[in-house]
Amino acid sequence: MKNSIAIVLILVFGVFLFQTFSYYQTKTELNKTASYYNTNTPDEVGAANVVTAIVVTYRGLDTLGEVTVLFLTAMIVGYILRQGGRERQKKNNTSEILITAAQVLIPGSIILGVYVFINGHLTPGGGFQGGAIIGTAISLMILANPLGTIPKAVLHFTESISGFVYILLGLAGLLFAGGFLDNRILPLGTLGDLLSAGAIPLIYSLIGLKVGTEISSIIANINETGNNTSKP
Amino acid sequence: MSFTIDKVALLLGMSLMMIGLWGGFTQRNLLKIILSFGIFDTGLNILIVALGYLPGRTAPIIEGIVVTPENLVNVAIDPVPQALVLTAIVIGFGTTALMLAYALKLNQHKKSLDINEFKDLKW
């Protein structure tokens, strides 16, 4: 009975989706917004990756909000899971293969993450992607050694400092350039160089550090709660 | 009706959204419901990226030979949906983490992940 209601609802949703699909036609030209971004990004922002230019500079305020949402998530997860007693699992039954593979993979993953967020304005990737790669490295570390402790104070310090400097850079754009989070507080440089596109490499590195530490602290919090089902 | 790659991607995204919705409606286990939300999210992201597709064009990244600053507007696709999806993926991660934390907490209270066990707010 309940399943049939679900099927009817999904069919209605499917008909609605198929209606929109049948009106869809493959575009042949960029719309106005997209052609503005594609025309003016090399001169105005100086970033080789147009998506990065939109995320960090044109829509920088949205990205600040996004980072704030992620920060709130990390904080709420920490708050929810902190209540009630913590009882860690006693024995470490990780397999030898995972421990050895983790020792090989963790340094490489962290270096790859840093590479991805430093080159965010030149190649596909950026702060969020690099931060996620660093987060996977930390989660591999936790999987290989569930009883070890992650230095939470270091994570929180890095996160706070990078968020603070990010906002300071935004305010510097308000004072010395065109507006909040304007990247032209630093010289734009040559298109395609590592140190180009003004403040974008700096801002994206800060975002990468912030996202990486937030993901790590979420994973560490969930791990430390463990399979504690003893207390109500 | 010819099936270009963007139409295939749109249909794939829509099917994933329907699968996710079905899972959210019918599954009893909290973890499976969270997984269904994740599938719905992925389908929506594929759909948004497919909307920015233009046939025969490449990624909006200047690399000097094929894509130069001058012809970027003629050879690159729409960068706006990609930027939007970047935001959507991060928010999706945040909501999934929150749902998992709540599921963990609910499991601590009732020692069960079955949604039928939680009737405190049911009238």
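Trainee: How are helix 3 and helix 8 of chain A oriented to each other?

Mentor: Start with the general idea. Two packed helices are described by the angle between their axes and the distance between the axes. Now the case here, in a predicted model. The axes of helix 3 (residues 50–58) and helix 8 (residues 200–225) of chain A cross at roughly 80° and come within 11 Å. Angles of 65 to 115 degrees count as roughly perpendicular. Helix 3 and helix 8 of chain A are therefore roughly perpendicular to each other.

Trainee: Which residues make the contact?

Mentor: Helix 3 of chain A uses A:Thr52, A:Val56 and A:Thr57. Helix 8 of chain A answers with A:Ile200, A:Ile203 and A:Tyr204. By class, the contact of these two helices has 4 nonpolar residues, 2 polar ones and no charged ones.

Trainee: How do helix 2 and helix 4 of chain B pack?

Mentor: Read the angle and the distance again. Helix 2 (residues 30–51) and helix 4 of chain B have axes 10 Å apart, at an angle of about 175°. Angles over 145 degrees count as roughly antiparallel. So helix 2 and helix 4 of chain B are roughly antiparallel to each other.

Trainee: Which residues of helix 2 and helix 4 of chain B meet?

Mentor: From helix 2 of chain B, they include B:Leu30, B:Ile34, B:Phe37, B:Asp41 and B:Val49. From helix 4 of chain B, they include B:Leu84, B:Val85, B:Ile89, B:Met99 and B:Leu106. The class count for this contact is 16 nonpolar, 5 polar and 1 charged.

Trainee: What is the make-up of each chain in helices and strands?

Mentor: Count the elements, then read their order. Chain A has 8 helices and 0 strands. Its pattern along the sequence is α-α-α-α-α-α-α-α. Chain B has 4 helices and 0 strands. The pattern of chain B reads α-α-α-α.

Trainee: Is chain A spread out or compact?

Mentor: Set the radius of gyration against the globule rule. For chain A the radius is 22 Å, well over the 17 Å that the rule gives for 232 residues, so chain A is more spread out than a compact globule. Its C-alpha trace spans about 60 × 55 × 35 Å along the principal axes.

Trainee: And chain B, spread out or compact?

Mentor: The radius of gyration of chain B is 20 Å, well over the 14 Å from the globule rule for 123 residues, so chain B too is more spread out than a compact globule. The C-alpha atoms of chain B fill a box of roughly 60 × 35 × 20 Å along the principal axes.

Trainee: What share of each chain is buried?

Mentor: In chain A, buried residues make up 38% of the 232 residues. In chain B, 32% of the 123 residues count as buried.

Trainee: What share of contacts joins residues at least 24 apart?

Mentor: Take contacts between residues at least 6 apart in sequence. In chain A, 72% of them join residues at least 24 apart. In chain B, the share is 55%.

Trainee: How many residues does each chain give to the contact between chain A and chain B?

Mentor: General idea: the size of an interface is often given as the accessible area lost when the parts come together. Here, read the residue counts. Chain A gives 48 residues and chain B gives 41. On the side of chain B, the elements giving two or more residues are helix 1 (5–26), helix 3 (72–75) and helix 4 (80–110). Helix 4 of chain B has the largest share, 18 residues. By class, that side of chain B has 28 nonpolar, 9 polar and 4 charged residues.

Trainee: Which residues have the most contacts inside the largest nonpolar core?

Mentor: This core has 70 residues. Those with the most contacts inside it are A:Val50, A:Ala53, A:Ile54, A:Ile200, A:Ile203, A:Ile207 and B:Ala83. Helix 8 of chain A supplies the largest share of the core, 11 residues.

Trainee: What does A:Val50 touch?

Mentor: Leave out residues up to four places away in sequence. A:Val50 then touches A:Tyr37, A:Asn38 and A:Thr41, along with B:Pro60, B:Ile61, B:Ala76 and B:Pro79.

Trainee: Is A:Tyr79 buried or exposed?

Mentor: Count the neighbours. A:Tyr79 lies in helix 4 (residues 60–82) of chain A. A:Tyr79 has 11 other C-beta atoms within 10 Å, so it is exposed. A:Tyr79 and A:Asn221 are 142 residues apart in sequence, yet 9.3 Å apart from C-alpha to C-alpha.

Conventions:
Residues are numbered from 1 along each chain as its sequence is written. Chains are lettered from A and ligands numbered from 1 in the order in which they are written. This is a predicted model: local features need pLDDT of at least 70, side-chain atom pairs count only at pLDDT 80 or more; totals for chains, interfaces and linings use all residues. Axes are lines fitted to C-alpha atoms, for helices over the stretch in contact, and angles run from 0 to 180 degrees between N-to-C directions. Angles under 35 degrees count as roughly parallel, over 145 as roughly antiparallel, 65 to 115 as roughly perpendicular and the rest as oblique. Two residues are in contact if their C-beta atoms, placed from the backbone, lie within 7 Å. Ala, Val, Leu, Ile, Met, Phe, Trp, Tyr, Cys and Pro count as nonpolar, Asp, Glu, Lys and Arg as charged, and the others, Gly among them, as polar. A nonpolar core is a set of buried Ala, Val, Leu, Ile, Met, Phe, Trp, Tyr and Cys residues joined through C-beta atoms within 7 Å. A residue is buried if 20 or more other C-beta atoms lie within 10 Å of its own, exposed if 12 or fewer, and partly exposed in between; C-beta atoms are placed from the backbone. The radius of gyration is taken over C-alpha atoms; the globule rule is 2.2 Å times the number of residues to the power 0.38.
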